[in-house]
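What follows is a guided walk through one structure, taken a region at a time. Please keep the sequence and the 3D view open while reading.

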Amino acid sequence: MLTAASKLEATTANDAEQELTDGFHLIIDALKLNGLNTIYGVPGIPITDFGRMAQAEGIRVLSFRHEQNAGYAASIAGFLTKKPGVCLTVSAPGFLNGLTALAHATTNCFPMILISGSSEREIVDLQQGDYEEMDQLAVAKPLCKAAFRVLHAQDIGIGVARAIRAAVSGRPGGVYLDLPAKLFGQVMNADAGKKSLVKVIDAAPAQIPAPDSVKRALDVLKSAKKPLIILGKGAAYAQADGEIRTLIEKSGIPFLPMSMAKGLLPDTHPQCAGAARSTVLKDSDVVMLIGARLNWLLSHGKGKTWGDAPKKFIQIDIEPKEMDSNVEIVAPVVGDIGSCVSALVQGMGSNWQTPPADWIKTVQTKRDDNVAKMAPRLMNNNSPMDYHGALGVLRTIIKERPDAILVNEGANTLDLARGIIDMYQPRKRIDVGTWGIMGIGMGYSIAAAIETGKPVLAVEGDSAFGFSGMEVETICRYKLPVCVVIFNNDGIYRGTDVNPSGGSDVAPTVFVKGARYDKMMEAFGGVGVNAKTPDELKRAVNAAMDSGKPTLINAVIDPAAGSESGRIGNLNPQSVLKKK
Ligand SMILES: CC(C)(COP(=O)(O)OP(=O)(O)OC[C@H]1O[C@@H](n2cnc3c(N)ncnc32)[C@H](O)[C@@H]1OP(=O)(O)O)[C@@H](O)C(=O)NCCC(=O)NCCSC(=O)C(=O)O
C-alpha cells in the first residue's frame with residue numbers, strides 16, 4: 001500500500017536513492033495506523049498545511065468556527081466510540097480555546113487527544129517573544145490526564161501511541177500532544193519513518209475484578225431489603241449493554257439512570273426508578289453504583305437526599321482511587337465495567353432471590369404516581385408554549401425515533417428535558433455532564449452526526465445555544481442531519497427579570513425580546529422555523545428529522561416560564577408547576 005511517506009520526493013543528491021517522509025506525514029500515518037480517521041479542529045498557523053495534507057490522505061478533517069466547539073466534538077466522539085476523539089488547534093490562543101474541552105473530557109472520563117501546534121522551544125524557553133509564544137505543555141499538564149511533547153520526527157510514532165494509550169486505558173481522559181511547528185517539516189528516511197510508527201495493541205486492556213471483591217459485593221447485595229442500582233455514564237461508555245441488562249433483570253433490583261446513562265435500559269423498563277428518584281435515594285438500604293461517582297450530582301452520597309436510614313454502598317469503577325471518595329464503600333469492585341458486571345452475573349448463580357415485593361411495590365407506586373401527575377401537563381397546546389407543552393411533543397418524537405441522538409443543554413431546558421424525554425437506547429442522550437457545562441450543544445451535535453450517522457435533535461436553552469451558536473454554519477457546511485430546537489424564553493432562567501436600579505440596561509439575565517434564532521440558520525442555507533405552538537413545533541421537528549436537512553426551530557416559550565432553581569440542578573418537574 002502506498003503510504004503518505006512514499007509520495008514525497010527526494011530533494012538532495014544524497015537523498016536521490018531514498019524515499020523521504022516528514023513530520024506532517026508521519027503524524028498522519030500514525031493516526032491512520034491507529035484508526036483515528038477524523039479530526040475536529042480550526043485551521044491556522046502552524047497546522048493549516050497539516051489539515052490539508054490529512055484531508056488529502058483520507059482523514060476526515062472537520063473545520064469549526066471556534067476551537068472550544070471542535071474540542072467538545074472530539075470529547076463526545078471519544079465517549080461515543082471508545083476511541084480518542086482528536087482535536088487540532090493552533091498555538092497559544094487556539095490551544096487555550098481547546099483546553100476547556102480537554103479539561104471537560106478529563107473530568108467526564110472521555111478519551112480525547114488535543115493536538116496543538118506550538119512555537120519554537122528555543123524561543124519560548126528564553127521568552128523571546130515568538131509568534132503565539134506559550135509553554136503549552138506546562139499549561140496543559142494540570143488540566144489533563146497526560147501531556148506529551150514530540151521534538152523529533154522519529155519519536156512521532158511513540159508520541160502518538162503514548163497519547164492513545166493514556167487517553168483510553170484505565171479511567172479514560174484527555175491527553176495533550178504538543179507538536180512544535182518545526183517538527184512538521186523535519187525530514188527522515190521513509191522506511192525508518194514507517195518502522196518508527198507504533199500500532200497500539202489492546203489500548204484499553206480488560207481489567208478483571210478480584211474474585212473476592214465480587215463475592216463481597218454479592219454478599220452485601222444479598223443482605224439488602226431495599227436495594228438500588230445506579231447507572232452512570234461510565235456504564236454507558238463501557239458498551240457492555242447486554243451484560244448490564246442481564247444483571248439488572250436477573251437481580252430484579254430497581255435502577256436509577258444518571259442523565260447520560262438513560263436508555264442503557266429503556267426509561268419505560270418496569271425496573272426503572274428514574275421517576276421515583278427521591279424515594280429510592282432516601283429509602284434504599286444497599287446501593288450499587290455502576291460507573292457512577294458519588295459527586296455533587298448524587299449529593300456526595302449523604303445528607304437529606306439520602307435520608308436517615310443506614311446505607312451501604314457497593315461501587316464498581318475502573319479507578320481504585322474513586323472508592324471512599326465521599327462515603328465509605330463497603331464493597332469496592334475495581335475493574336472495567338464489562339468484566340465486573342459479567343463476574344457479578346456469573347456469581348449470582350441460577351437461584352438469585354429478587355428483592356422483597358414490598359420494596360418493588362413502593363418504587364413502582366411512586367414512579368407511576370409521578371408519571372401520572374406529569375402526563376396531563378405534557379399535552380397542553382398553549383401559545384406561547386410552556387416547557388411541558390414543548391417537551392411533551394419532543395418526548396413523543398424521540399419515542400417514535402428511538403435511534404436519534406438527543407443533545408441537551410440549558411438550565412430549565414436541561415432539567416425538565418432530562419425528566420420528561422424518555423430514552424430507549426444506550427448512548428443516545430448526551431448532555432452537559434459532570435461540570436454542568438454550557439456550550440457543548442453544537443460541537444456535540446456535529447460529532448454525534450459524524451460518528452453515528454444518526455439524526456440529531458439538539459434541545460437547547462437560548463442562553464446555552466449562544467455559546468456555540470456560530471457552529472450552525474458548520475452544520476450547514478457539512479450538510480449534517482441536525483435539528484436544533486431553541487427554547488427561547490428571552491433570557492437566562494426566564495426573560496422577565498428587571499434591572500433593580502431602574503437604569504436603562506436590561507437585567508443581566510435578559511436577552512433581546514422576541515429574537516429569531518431561526519434566521520441564523522437561514523443565513524447559511526439551512527431551514528429556519530419559528531414555532532409558536534406545540535403543534536407547529538411537532539410538524540417542524542418531524543419535517544427536519546424526515547428530510548435530514550440542517551434545521552433550527554425557534555420555539556417561542558413564555559418568558560415567564562422557567563425557574564432559577566435549575567442552576568443548582570434540583571428542579572423538580574412538579575415543583576415548577578406548583579410555582580407557576
Ligand atoms: C442533580 C440531579 C442529578 C438531580 O436532580 P433532581 O431534580 O433531584 O432529579 P431529577 O431531575 O432526576 O428528577 C426530578 C423529579 O422528577 C421526577 N421525574 C423524573 N423523571 C420523571 C418522569 N419521566 N415523569 C415524572 N417525574 C419524573 C423524579 O423522580 C424527581 O421527583 P421526586 O422523585 O419526587 O423527587 C439533576 O438535577 C442534574 O443532573 N442536574 C444537573 C444540572 C446541570 O448540570 N445544570 C447545568 C446548570 S446551567 C448553568 O450553568 C446555570 O444555571 O448556572
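A good place to begin is helix α3, which is mostly covered, with 14 of its 15 residues buried. The model is a predicted one, and within it α3 takes in residues 67-81. At 1.5 Å a residue, the 15 residues of this helix should span 21 Å, and its end C-alpha atoms are indeed 21 Å apart, so the expected and the modelled lengths agree. After α3 comes K82, whose phi is positive, near 65°.

Helix α7, made up of residues 156-168, can be read in a similar way: it has 13 residues and reaches 19 Å from its first C-alpha to its last, which is close to the 18 Å expected at 1.5 Å a residue. This helix, too, is mostly covered, since 10 of its 13 residues are buried. Among these buried residues of α7 are I156, G157 and G159 towards the beginning of the list, and A166, A167 and V168 towards its end. Their cover includes the strands β5, β6 and β7 together with the helices α1 (23-33), α8 (181-185) and α9 (190-196). Just after α7, G170 takes a positive phi of about 55°.

The strands that help to cover α7 lead on to the sheet. Strands of a sheet pair through backbone hydrogen bonds, and they may do so in a parallel or an antiparallel sense. Here an open sheet of 6 strands, with parallel pairing, has the order β3-β2-β4-β5-β7-β6. Its edge strands are β3, at residues 60-63, and β6, at residues 146-149, each of which pairs on one side only. From one strand to the next, the twist averages 20°.

Two of the pairings in this sheet can be followed in more detail. Strand β2 pairs with β3 in the parallel sense over 4 bridges, and there T38 stands opposite R60 in β3. Strand β4, at residues 85-89, pairs with β5, at residues 112-118, again in the parallel sense, over 5 bridges, and L88 stands opposite I115 in β5.

Which residues cover the two sides of β2, and are they buried or exposed? In a regular strand the side chains alternate between the two faces of the sheet. In β2, T38 and Y40 lie on one side while I39 and G41 lie on the other, and all of them are buried, so that both faces of the strand are covered. Helix α2, at residues 48-56, lies across β2 (38-41), β3 and β4, and runs at about 140° to β3. Helix α4, at residues 92-108, lies across β4, β5 and β7 (174-180), and runs at about 160° to β5.

Further along the chain, a pair of helices deserves a separate look. Two packed helices are described by the angle between their axes and the distance between those axes. For helix α16 (residues 387-400) and helix α22 (residues 534-547), the axes come within 9 Å and cross at roughly 30°, and the crossing is right-handed. On the α16 side the contact is made by G389, A390, V393, L394 and I397, and on the α22 side by P534, L537, K538, V541 and N542. These contact residues divide into 7 nonpolar, 2 polar and 1 charged.

The last stop is the backbone itself. Most residues other than glycine have a negative phi, and most peptide bonds are trans. Against that background, the peptide bond from I45 to P46 is cis, with omega near 5°, and P46 is found in the loop between β2 and α2. The bond from S383 to P384 is also cis, with omega near -5°, and P384 is found in the loop between α15 (357-374) and α16.

Positive phi values also appear at residues that are not glycine. H300, in the loop between β11 (286-290) and β12 (312-317), has a phi near 60°, and because its relative accessibility is 34%, it counts as partly exposed. D324 likewise has a positive phi, of about 60°, and its place is in the loop between β12 and β13 (331-334). With 49% relative accessibility, which is still under the 50% limit for exposed, D324 counts as partly exposed.

Terms used
Residues are numbered from 1 along each chain as its sequence is written. This is a predicted model: local features need pLDDT of at least 70, side-chain atom pairs count only at pLDDT 80 or more; totals for chains, interfaces and linings use all residues. Side-chain values use heavy atoms; hydrogens and water are left out. Two strands pair if DSSP finds at least two bridges between them. Axes are lines fitted to C-alpha atoms, for helices over the stretch in contact, and angles run from 0 to 180 degrees between N-to-C directions. Contact means heavy atoms within 4.5 Å. A crossing is left-handed if the near helix is turned anticlockwise from the far one by less than a right angle, and right-handed if clockwise. Ala, Val, Leu, Ile, Met, Phe, Trp, Tyr, Cys and Pro count as nonpolar, Asp, Glu, Lys and Arg as charged, and the others, Gly among them, as polar. The expected span of a helix is 1.5 Å times one less than its number of residues. Buried means under 20% relative accessible area, exposed over 50%, partly exposed in between (1.4 Å probe, protein chains only).
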